[in-house]
Amino acid sequence: MAFDVAAIRGQFPALGDGWIHLDAPAGMQVPEQVAAAVSTALRAPVSGPGGVFPASQRAAAIVDAARRAVADLVGCDPAGVVLGPNPAVLLQRLAEAMGSGWVIGDEVAVSRLDHQQNIAPWLGVAQRAGATVRWAEIDIETCELPAWQYESLVSHRTKVVAVTAASGVVGTRPDLAKITSLARESKALVVVDASSAAPFVPMDIHAVGADVVAVSATAWGGPAAGALAFADPSLPDRLPASALGPNVSGPGRLELGQHAYPLLAGLVASIDYLAGLDDAAAGSRRERLQTSIGSAKSYQAGMLGKLISELRGLLHVTVIGDAMRRIPALAFTVADVKASSAVVRLAERGICAFADDVPSGVFAALGVAEVGGAVRIGLAHYTTSAEVDALVEAVVGLTSRA
């Protein structure tokens with residue numbers, strides 16, 4: 001492993017602000033090569049695709065490069081990659097297309113662990129069709145999403161199983177292989193939201209058994225761009241089209257309007273950045289991505305383990321959940337201190353963190369709002385052990401008496 005966090009930090013101009021950025025769940029900071037790629041594409045002559053002149057050909061080349069980059073990230077065919085502004089928009093289009101033929105008696109399975117972007121679209125199409133929504137619940141002690149419950153949740157009536165690859169709130173990574181196996185027995189399509197997982201876990205759409213995987217470039221320091229990756233590139237052709245033009249085929253059927261070409265150029269650069277996280281990574285971009293993200297995962301696992309251990313050693317702090325498999329994101333409560341006050345005091349120490357104090361999402365199921373909310377943080381590729389130590393030191397002082 002050659003994961004050099006100092007060298008990685010040198011790629012991020014934003015880190016010169018002096019703050020400790022533990023706000024990765026909202027998106028990592030942007031590396032210089034991504035900013036440069038976007039800026040270069042903005043300055044270059046780029047037109048709509050379909051023309052024979054260089055500016056049009058450049059636009060087509062950017063779109064093709066973006067599809068190939070996402071395909072390398074998740075292990076799919078570039079012909080099955082749909083590009084768009086973010087996963088929320090793309091999942092909404094996907095749900096409307098998949099749910100257009102649903103009728104009363106059909107079912108969809110969603111989970112309490114998921115972000116709203118992979119819940120709300122399915123609830124909406126189910127309501128319009130009169131379909132039944134079945135919920136996978138989380139274990140309130142561990143924040144695990146037990147895979148065994150899908151044995152009773154999924155049936156021959158289930159059209160879609162929507163599930164996250166990892167929670168950006170409490171860090172839990174569910175057993176996707178088990179869940180997708182149960183879904184396949186009932187011939188249900190599996191839509192996996194990998195927005196939070198992709199920067200930290202090597203992705204393989206076929207290995208996990210997903211039909212569709214959603215990713216967000218902002219999660220790993222890319223621009224405001226997202227993608228849907230289809231295991232079967234012919235599936236978009238079997239879905240109702242969202243495209244404005246007639247006779248559109250392939251992934252373009254779920255793409256609405258003109259692409260933001262500079263952002264797609266940045267998307268490619270951001271995936272190249274991921275592939276270079278480990279200096280020792282070699283081979284194709286797909287192989288380098290697997291190696292580099294695996295190295296980042298190992299590096300952050302050590303820091304996360306230390307952080308959780310030290311926070312649990314503080315009598316006034318309760319770490320939420322105890323999942324066996326997780327990404328480097330976590331939430332905690334502070335006795336007699338509201339989360340909104342805690343993050344203000346952390347900010348006074350130069351630490352970026354979030355407060356969740358309303359009953360929504362995972363925290364609604366856990367009743368966190370009743371104890372003043374939770375402080376939520378996440379590690380990034382550029383997070384150092386010294387920054388983790390600074391967080392622990394700051395949390396030590398977060399008592400009602402301080």
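**Entry 1: cysteine 143**

I started with cysteine 143, which counts as buried because its relative accessibility is 1%, under the 20% cut-off. I am working from a predicted model, so everything noted here is computed. I then looked up the backbone: cysteine 143 is not a glycine, yet it has a positive phi of about 65°. The residue sits in the loop that runs between strand 4 (132–136) and helix 6 (150–153).

**Entry 2: lysine 187**

Next I turned to lysine 187, another non-glycine residue with a positive phi, about 60°. Is lysine 187 buried or exposed? I found it exposed, at a relative accessible area of 77%. Its place is the loop between helix 7 (176–185) and strand 6.

**Entry 3: histidine 21**

I moved on to histidine 21, in strand 1 (residues 20–21). With a relative accessible area of 8%, histidine 21 is buried. I checked what lies around it and, leaving out residues up to four places away in sequence, found contacts with Ala14, Leu15, Gln29, Cys352, Gly378, Tyr382 and Thr383. I also looked at isoleucine 351: it is 330 residues from histidine 21 along the chain, but their C-alpha atoms are separated by 6.4 Å.

**Entry 4: helix 3**

I checked the length of helix 3 (residues 54–74). Its 21 residues should span 30 Å at 1.5 Å a residue, and the end C-alpha atoms are indeed 30 Å apart. Just after the helix I noted glycine 75, with a positive phi of about 80°.

Which residues of helix 3 are buried? My list reads Ala55, Ser56, Ala59, Ile62, Val63, Ala66, Arg67, Ala69, Val70, Ala71, Leu73 and Val74. As a reminder to myself, residues three or four places apart in an α-helix point the same way, because there are 3.6 residues a turn. The partners of the buried residues in helix 3 are strand 2 (81–84), helix 8 (205–208), strand 7 (212–216), strand 8 (226–230), helix 9 and helix 10 (285–312).

**Entry 5: helix 3 against helix 9**

I followed one of those partners, helix 9, further. The axes of helix 3 and helix 9 cross at roughly 35° and come within 9 Å, and the crossing is left-handed. On the helix 3 side I listed Ala59, Ile62, Val63, Ala65, Ala66, Ala69, Val70 and Leu73; on the helix 9 side, Tyr261, Leu264, Ala265, Leu267, Val268, Ile271 and Leu274. What classes do these residues fall into? I get 15 nonpolar, no polar and no charged residues.

**Entry 6: helix 2 against helix 9**

Helix 2 (residues 32–43) also packs on helix 9 (residues 261–275), at an angle of about 155° and with the axes 8 Å apart. That angle is over 145, so I call the pair roughly antiparallel. Helix 2 makes a right-handed crossing with helix 9. From helix 2, the contact uses Gln33, Val34, Ala37, Val38, Ala41 and Leu42; helix 9 answers with Pro262, Leu263, Ala265, Gly266, Ala269, Ser270, Asp272 and Tyr273. Sorted by class, this contact has 10 nonpolar residues, three polar and one charged.

**Entry 7: helix 4**

Last, I looked at helix 4 (residues 87–98). I expected its 12 residues to span 16 Å at 1.5 Å a residue, and the 16 Å between its end C-alpha atoms agrees. Pro87, Leu90, Leu91, Arg93, Leu94, Ala95, Ala97 and Met98 are buried in this helix. Where do they pack? I traced them to strand 2, helix 5 (120–129), strand 5 (158–164), strand 6 (189–193), strand 7 and strand 8.

Technical notes
Residues numbered from 1 in each chain as written. Predicted model: local features only at pLDDT ≥ 70, side-chain atom pairs only at ≥ 80, totals over all residues. Heavy atoms only, no water. Axes fitted to C-alpha atoms, helices over the stretch in contact; angles between N-to-C directions. Helix = DSSP H or I, 4+ residues; strand = E, 2+ residues; numbered from the N terminus. Parallel < 35°, antiparallel > 145°, perpendicular 65-115°, else oblique. Left-handed = near helix turned anticlockwise from the far one by under 90°. Contact = heavy atoms within 4.5 Å. Nonpolar A, V, L, I, M, F, W, Y, C, P; charged D, E, K, R; others polar. Expected span 1.5 Å × (residues − 1). Buried < 20%, exposed > 50% of the residue type's maximum accessible area, 1.4 Å probe, protein only.
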